[in-house]
Every structure is written in C-alpha cells, then in structure tokens.
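Work through the exercises below with the sequence and the structure side by side, and try each task before reading its solution.

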Amino acid sequence: MSARIPAVGAAALTDRRPFGQLTVPLIAAPMTMVSTPALVSAACAAGIVGAFPTSNCGSTAELDEWLDEVAALVQTASRQPHAPVPGPVAANLIVHRVNQRLDDDLATIVRRGVGIVITSVGNPVPVIDPLHRGGCLVFADVASLAHAEKAAAAGADGLVLLAAGAGGNTGWANPFAFARAVRAFFSGPLVLAGGVSDGIALWAATVLGFDLGYMGTKFIATAESGASPAWRQAVVDARLDDITLGPGPTGVTASLLPGRGSAGHTVSGVHAITTVAEVVRTTQSEWQAARSHTRATLTEP
Ligand SMILES: Cc1cc2nc3c(=O)[nH]c(=O)nc-3n(C[C@H](O)[C@H](O)[C@H](O)COP(=O)(O)O)c2cc1C
C-alpha cells in the first residue's frame, strides 16, 4: 500500500491564516536538478512546504517511488522529540508542451493525494479543473499581471509571483508593485518568488500582502541538494552583482550564475554550505525577530 503524503487539504483555503501550522511561512522552491527526496523531506520535516518538479524524477514510476521515499523520511523525522508538525509536499508540474509526461504525472499526483500542485512554464488553465476534481490546491506561477489575471479567472487557488531577481526562470516586475497590483483583484494565497534571502525579507513580504515566500537559491547550498559541490560553493562565493540574465534551459529568461547554473539575487544571503534544517531554523528566528520588532515599533507612543 502507498504511504500517505503529508498535505494540506482544501480546508487551508477557509483558514484565515492559510498554512497556519507551518513553522515559518516558507516554501522550499521547486528546482530542476536541485530538489531531491532528501531536500524535500528535510523541508517538510522542518515544518515548511517542500516542493519539487516532477520532472526531476526520471519517469512517472520514479515519481511514485519519490513520494514513498519522502513520506517515509518525513515519518521517521516526525517521531523525533520536539519535531514540528510536518509541512506538506507540493509537486511542481511543468505545463509547457515539452512535458510529455504531464497527464501521467498529474494522474499520479491525484492518486497519491499530493495536496498542492504548483504549475510553471506554461498555461495552467487546462490542468486546473482536473486537479481540482482530484482534490488538489493549484498554485500558478506567473510573471506578469496578465498571466496572474488569467490564472485567477481560471480558478487558481494561489499565485506564485515571479519577481525580479528570482533564481531560474525569472520575472522582471518589482515585487512591491507586483504584489499591490495583484492584491487589487486576488484575495487568495500569494507567494513571493525572488528576493527572499532571509527571514527579514520574508517578514517584509508578509507585510506587503504575501502569505508565503519561496526560497530557492539558498537551498542549493545545502547538504541535501542535488547540486554539485562546485555549484554549491559558487553560490556561497557569489554576490548579488554576479547574477546575470540570460536564456535558461527552456529558452525563458532566467537569473544565472555564469558558468555554474541558475541562481537568484538571494545569493547575497548565502554564507555557507549548511543543512535544510539550519536554513529553516535561521529563517524562522529572523522572521520572528523582525515580526516582534515591527509590533514593538507600531505600539510605541
Ligand atoms: C537551479 C534552479 C532550478 C529551478 N528549477 C525550477 C523548476 O524546475 N520549476 C519551477 O517552477 N521553478 C524552478 N526554479 C525557480 C524556483 O522555483 C524559484 O522561483 C526561485 O528559486 C526563487 O527563489 P530564489 O530567488 O531564492 O532563488 C528554479 C530555480 C533555480 C535556482
């Protein structure tokens, strides 16, 4: 029998604080080659959302195996004393026509009860209804206002706003303006992709109207990542100014660390190769300190 995947249900949408049980409102962003079962399960075990592109699995059968492996690793970790409530797994479906496994991966995700699907690189509209019928929440990753409007009109439950400087396929919009423009017509969960280099930036995103932040680049430099040792070290050594724009593997404009691979402006927040648990712990304490500071400042006479 297949192991059950930790997931939020559609009830999360009726919660006034979506994803309210997370240790910090963070998603370990889906990353080609970087997201491994070890990274995803460590993220979930640390109480955040663990996302991965289904294309990281060599086949749909391997996707099934990954889901088993992640569920088993999370289950073991959650038996430790003081372990947080595990965060949910989110599967990232590339909805571009290059993905020939789209239908098969979608069917597996539904069958296995993965509660959250993030669509990217293409038009999410055709998959929203089938995923809803299967009980999944659908978050569409969008890089423009027009795409955000289209995804919202088609019934996407949440939107991931790809802002300037996001690692990999990037947007160009300033996140401040982008968030406020989308909040004018969309009241569902909003996720910021790009620029979340620490817990302080994550808190600022919360104030701006985001419910969650994506962290991608920072997880490249972890023990659990699928990146090569040279790529991990390059992310540690790089500064924001080293990130350039160029065509990514799918031809879409991407933020790149020349000679190494994709990485975003958040390299500025990466100072060492560490573990997923340590990144989450640090982000959580920065986020809490920033939140307390704002509250104290607001209540000053
Ligand atoms: C190496 C790398 C690979 C990525 N691969 C994917 C992918 O397969 N699917 C996807 O939706 N986004 C992908 N992204 C984008 C991330 O999900 C996310 O938007 C980005 O990393 C934003 O966070 P950051 O600014 O902390 O990097 C990738 C990003 C990086 C750096």
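Three exercises follow, each with a worked solution, and they concern a predicted model.

**Exercise 1.** Find which residues of helix α3 are buried, and explain why they line one face of the helix.

*Solution.* Begin with the helix itself, which spans residues 102-112 and in which Leu102, Asp105, Leu106, Thr108, Ile109 and Arg112 are buried. Next, look down the axis of α3: the buried residues fall within an arc of 160 degrees, so they line one face of the helix. Then turn to the face directed away from that buried side, where the exposed residues Asp103 and Arg111 are found. Finally, ask what covers the buried residues of α3, and you will find, among other things, α2 (60-78), β3 (89-94), β4 (116-120) and α4 (125-133).

**Exercise 2.** Describe the surroundings of Arg232, a residue of helix α9 (residues 229-237).

*Solution.* Start with charge: Arg232 is buried yet has no salt bridge, and Glu224, the nearest side chain of opposite charge, is 7.6 Å away, whereas a salt bridge needs a side-chain nitrogen within 4 Å of a carboxyl oxygen. Then consider polar atoms, since one in the side chain of Arg232 lies 2.8 Å from the backbone oxygen of Ser225. Last, leaving aside neighbours within four places in sequence, list the residues in contact with Arg232, which include Ile220, Ala221, Thr222 and Ile273.

**Exercise 3.** Decide whether Pro249, in the loop between β10 (244-247) and β11 (253-257), is buried or exposed.

*Solution.* The relative accessibility of Pro249 is 82%, and the cut-off for exposed is over 50%, so Pro249 counts as exposed.

How values were computed. Residues numbered from 1 in each chain as written. Predicted model: local features only at pLDDT ≥ 70, side-chain atom pairs only at ≥ 80, totals over all residues. Heavy atoms only, no water. Buried < 20%, exposed > 50% of the residue type's maximum accessible area, 1.4 Å probe, protein only. Helix = DSSP H or I, 4+ residues; strand = E, 2+ residues; numbered from the N terminus. Arc of directions from axis to C-beta. Contact = heavy atoms within 4.5 Å. Lys, Arg positive; Asp, Glu negative; His and termini not counted. Polar contact = N/O pair within 3.5 Å; in protein donor to acceptor, adjacent residues only side chain to side chain.
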